[in-house]
Amino acid sequence: MPQFLEHSGTSWKGQKVKHDLSVIDKLDPRLRVIMVTLFAFVTVLSESFWVLSLGVLVGLLLALLAQLNVKRTLRRVIAMDMFMIFLVIMLPFTTPGEALFTVAGLSASTAGFLHALMILLKAHAVVLSLLALVGTLSATTLGHALAHLRVPDKLVHLLLFTVRYLDVIGQEYKRMRRAMQARAFVLRTDMHTWRSIGYLIGMLLVHSLERSERIMDAMKCRGYKGQFYLFDDMALGTHDYRFMALFLPFLCGLIGLNFL
Amino acid sequence: MHIVDGALAVPVLAVGAALTVAGVAIGLKKMDYDHLPQVGVLSAVFFIASYVHLPIGFSSVHLILNGLIGLALGWAAFPALLVALFLQAVFFGFGGFLVLGVNVVNIALPAVMVYYLCGKGISSSSPKVAAVWGAAGGAGAIVLTTVMVAFSLMLSGEAFLLAAKMTFVAHIPVMIVEGFVTAAAVLLIRKVKPEFLNIKESSEYA
């Protein structure tokens with residue numbers, strides 16, 4: 001597998017990823033989280049091809065509305081496909097049923113083919129809507145939205161801390177790797193590589209942990225008592241009601257289509 | 001290791017989600033606010049480890065490190081991995097949304113098991129013994145994770161049997177690499193910052 005396909009998310013740019021402001025950005029973050037959750041439930045639990053095709057179309061539409069960067073999104077979707085490509089390719093051959101076509105003496109069943117298609121549709125519908133509605137939020141806003149949605153405090157703190165450390169540790173990792181490269185270290189398949197990478201990870205942990213202790217001390221020094229204050233009052237506006245007015249009936253329609 | 005949305009049967013999704021909620025609840029209970037930065041650091045390291053690619057012949061594998069995370073955190077591995085996987089799913093589209101519960105259990109439960117099985121071993125006074133336990137923890141976590149991924153696929157349908165078997169075979173190189181890397185990391189941390197792996201400093205020099 002070529003390296004650039006294997007991992008699209010090769011570096012965490014977190015807060016720095018820019019995208020053009022879009023209609024989606026005007027919506028309340030809480031609403032976006034809730035809508036994606038509902039949409040994911042409806043698509044994953046649906047068994048009808050009509051619903052799933054509509055779901056993928058809506059996912060695409062949301063991605064267009066959110067003005068997602070085409071190249072970046074495509075890379076991510078392809079990376080997701082890599083996770084399931086074997087599963088989907090093998091499925092028609094391992095499901096019993098009447099043969100649709102044969103490859104090298106193996107017969108692919110219609111049932112298996114349809115099942116594979118269904119998985120593809122579901123996965124794409126969910127991932128597109130997720131990237132469009134929630135992936136465009138900054139990680140901090142997402143954390144605050146989750147806090148407003150009554151996600152346990154500690155979990156939200158952990159999320160915010162993690163987002164912060166991703167930046168720090170990512171940079172630390174790059175710095176240490178550069179230092180190794182300056183000493184002519186090349187990755188190979190041998191003990192030396194594995195040991196060095198193990199030490200690298202160990203050192204990375206030690207550095208980051210000492211740093212996190214310093215941060216904790218600094219925060220305590222400024223009166224941190226295990227609580228973040230959420231300053232942003234999120235309120236539903238006209239846009240949000242309009243979006244709900246469109247999206248909720250659509251979801252009900254999708255559910256209804258399942259029973260036709 | 002990530003399973004995508006739509007592949008698993010509903011009961012499997014439900015059980016995965018329930019186990020994750022339980023695990024995270026225990027993890028959060030055992031984790032106090034002073035501990036929070038440490039958990040955050042490890043959560044971030046799990047994220048970063050997925051872009052450390054090591055060559056294996058013509059191909060390459062990336063680190064998962066759930067063994068090491070388990071050894072350092074115990075039950076707190078559940079919230080740590082939930083956060084990391086959630087961020088990956090939301091911002092990178094890795095895995096899926098509803099399948100998050102299953103993915104977290106598959107990676108975090110082995111981490112907790114390694115904590116109980118190998119935690120004592122790595123604090124042994126002899127570095128060699130500790131390294132062996134570290135390697136067992138690193139490789140063992142991946143073995144358990146792949147077995148659990150394979151099981152979640154198999155429980156979702158007979159047709160996934162071949163895919164489940166292939167997942168296991170494909171991850172054998174990862175197990176080997178992860179074992180060596182974790183052993184080295186454990187050795188280093190024991191020397192430099194033993195309290196990180198819950199090792200009393202005195203036992204090192206006793």
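**Exercise 1. Find the helix that holds B:G179, and describe the surroundings of this residue.**

Solution. B:G179 belongs to helix α8 of chain B, which runs over residues 172-192. The model is a predicted one, and in it B:G179 has a relative accessible area of 5%; since buried means under 20%, B:G179 is buried. The next step is to set aside the neighbours within four places in sequence, after which the contacts of B:G179 are B:A135, B:G138 and B:A139. A last step looks at a distant residue: B:D34 is 145 residues from B:G179 in sequence, and the two C-alpha atoms are 30 Å apart in space.

**Exercise 2. Decide whether B:I142 is buried or exposed, and state how far its C-alpha atom is from that of B:I176.**

Solution. B:I142 is part of helix α6 of chain B. Its relative accessible area is 0%, so B:I142 is buried. Along the chain, B:I142 and B:I176 are 34 residues apart, while their C-alpha atoms are separated by 9.3 Å.

**Exercise 3. Compare the span of helix α1 of chain B with the expected one, and work out how its buried residues are arranged around the axis.**

Solution. Helix α1 of chain B covers residues 10-30, which makes 21 residues, and the distance from its first C-alpha to its last is 30 Å, close to the 30 Å expected at 1.5 Å a residue. The buried residues of α1(B) are B:V12, B:L13, B:G16, B:T20, B:G23, B:V24, B:G27 and B:L28. Seen down the axis of α1(B), these buried residues fall within an arc of 130°, so they line one face of the helix. A general point helps here: an α-helix has 3.6 residues a turn, so residues three or four places apart point the same way. The face of α1(B) that is turned away from the buried side carries the exposed residues B:P11, B:V15, B:V21 and B:K29. The final step asks what the buried residues of α1(B) pack against, and the partners come from both chains: α2 (29-45) and α7 (153-182) of chain A, together with α4 (77-92), α5 (100-122) and α6 (127-155) of chain B.

**Exercise 4. Carry out the analysis for helix α3 of chain A, from its span to its packing partners.**

Solution. Helix α3 of chain A spans residues 49-65, and its 17 residues should reach 24 Å at 1.5 Å a residue; the end C-alpha atoms are 24 Å apart, which agrees. Buried in α3(A) are A:V51, A:L52, A:G55, A:V56, A:V58, A:G59, A:L62 and A:A63. These residues cover an arc of only 165° around the axis, which puts them on the same side of α3(A). On the other side of α3(A), the residues A:W50, A:L57 and A:L64 are exposed. The buried residues of α3(A) pack against α2, α5 (110-133) and α9 (238-258) of chain A.

**Exercise 5. State how many aromatic pairs there are over all chains, and examine the pair formed by A:F161 and A:Y165.**

Solution. The count comes to nine aromatic pairs over all chains. In the pair of A:F161 and A:Y165, the ring centres are 5.9 Å apart with 15° between the planes, and the pair is stacked. Both residues lie in helix α7 of chain A, four residues apart, which is about one turn of the helix. A:F161 is buried at 6% relative accessibility, and A:Y165 is buried at 1%. The rings of B:W75 and B:F78 have their centres 6.0 Å apart and their planes at 15°, so this pair is also stacked; B:F78 is buried at 2% relative accessibility. Elsewhere, A:F39, A:F243, A:F247 and A:F250 form one aromatic cluster. A ring can also lie under a charge, as with B:Y33, over whose ring the charged end of A:K154 sits, 5.7 Å from the ring centre.

**Exercise 6. Determine where A:R150 and A:A184 lie, and describe their phi values.**

Solution. A:R150 is in the loop between α6 (139-148) and α7 of chain A, and its phi is near 70°, a positive value in a residue other than glycine. A:A184 lies in the loop between α7 and α8 (191-221) of chain A, and its phi is positive too, at about 65°, although A:A184 is not a glycine. At 72% relative accessibility A:R150 is exposed, and A:A184 is exposed at 64%.

Key:
Residues are numbered from 1 along each chain as its sequence is written. Chains are lettered from A and ligands numbered from 1 in the order in which they are written. This is a predicted model: local features need pLDDT of at least 70, side-chain atom pairs count only at pLDDT 80 or more; totals for chains, interfaces and linings use all residues. Side-chain values use heavy atoms; hydrogens and water are left out. Helices (H or I, at least four residues) and strands (E, at least two) are DSSP runs, numbered from the N terminus. The expected span of a helix is 1.5 Å times one less than its number of residues. Buried means under 20% relative accessible area, exposed over 50%, partly exposed in between (1.4 Å probe, protein chains only). The arc is that of the directions from the helix axis to the C-beta atoms. Contact means heavy atoms within 4.5 Å. Rings of Phe, Tyr and Trp (its six-membered ring) pair if their centres lie within 6.5 Å; planes under 30 degrees apart count as stacked, over 60 as edge-to-face and the rest as tilted. A charge sits over a ring if NZ of Lys or CZ of Arg is within 6 Å of the ring centre and within 35 degrees of the ring normal.
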